Amino acid sequence: MAGFLKFVAGACLVVTWLGFGLIAFGAIMSTDPSTQSGGFWIYAVLTCIGVSLPAAILFAFAAVVEDVAEMKGHLAAMRRYYEPQR
């Protein structure tokens with residue numbers, strides 16, 4: 001499950017920043033003066049950051065899920081070692 005969540009979060013990040021790259025490329029190639037202003041770039045970057053935050057949070061949650069599953073395995077091994085043999 002953690003691998004799937006990391007894949008989804010990574011795909012969302014790639015799509016978001018690839019879209020930003022395409023918008024930036026189009027704005028650079030455009031002759032429209034409104035896309036050359038600093039305000040356009042600030043809004044574009046802030047929008048991409050805002051869209052990327054949920055994906056980054058999902059990636060962190062997936063890392064926690066993965067760590068909990070790993071700890072569960074370690075605890076089971078410790079329990080088998082320290083429980084008396086019957």
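Visitor: Does K6 count as buried, partly exposed or exposed?
Guide: Buried means under 20% relative accessible area and exposed over 50%, with partly exposed in between (1.4 Å probe, protein chains only). Because its relative accessibility is 23%, K6 counts as partly exposed.

Visitor: What kind of model is this?
Guide: Residues are numbered from 1 along each chain as its sequence is written, and side-chain values use heavy atoms, with hydrogens and water left out. Local features need pLDDT of at least 70, side-chain atom pairs count only at pLDDT 80 or more, and totals for chains, interfaces and linings use all residues, this being a predicted model.

Visitor: Which side chain meets that of K6 in a salt bridge?
Guide: A salt bridge is a side-chain nitrogen of Lys or Arg within 4 Å of a carboxyl oxygen of Asp or Glu, and the structure holds 1. At 2.7 Å, N to O, the partner of K6 is E66.

Visitor: How many residues apart in sequence are the parts tied together by E66 and K6?
Guide: Helices are DSSP runs (H or I, at least four residues), numbered from the N terminus, while strands are E runs of at least two. E66 lies in helix α2 and K6 in helix α1, so the pair ties together parts whose separation in sequence is 60 residues.

Visitor: Which helix do the buried residues of α1 pack against?
Guide: The buried residues of α1 are A2, L5, A9, T16, F20, A24 and A27. With contact taken as heavy atoms within 4.5 Å, these buried residues pack against α2.

Visitor: What end-to-end distance does α2 reach?
Guide: The expected span of a helix is 1.5 Å times one less than its number of residues. For the 45 residues of α2, this gives 66 Å, and the first and last C-alpha atoms lie close to that expectation, at 64 Å.

Visitor: At which residue does α2 have a kink?
Guide: The bend at a residue is the angle between axes fitted to the seven residues ending there and the seven starting there. In α2 the kink is about 30 degrees and comes shortly before the proline P54, at S52.

Visitor: About how much accessible area does the nonpolar patch have together?
Guide: Patches take residues with over 30% relative accessible area and no salt bridge, joining like charges within 9 Å and nonpolar side chains (Val, Leu, Ile, Met, Phe, Trp, Tyr) within 5 Å. Areas come from the Shrake-Rupley method with a 1.4 Å probe, and for residues only the protein chains shown count as cover. Helix α2 (residues 38-82) contributes the largest share of the patch, 6 residues. The patch, formed by W17, I42, V45, L46, I49, L53 and I57, has a joint accessible area of about 650 Å².
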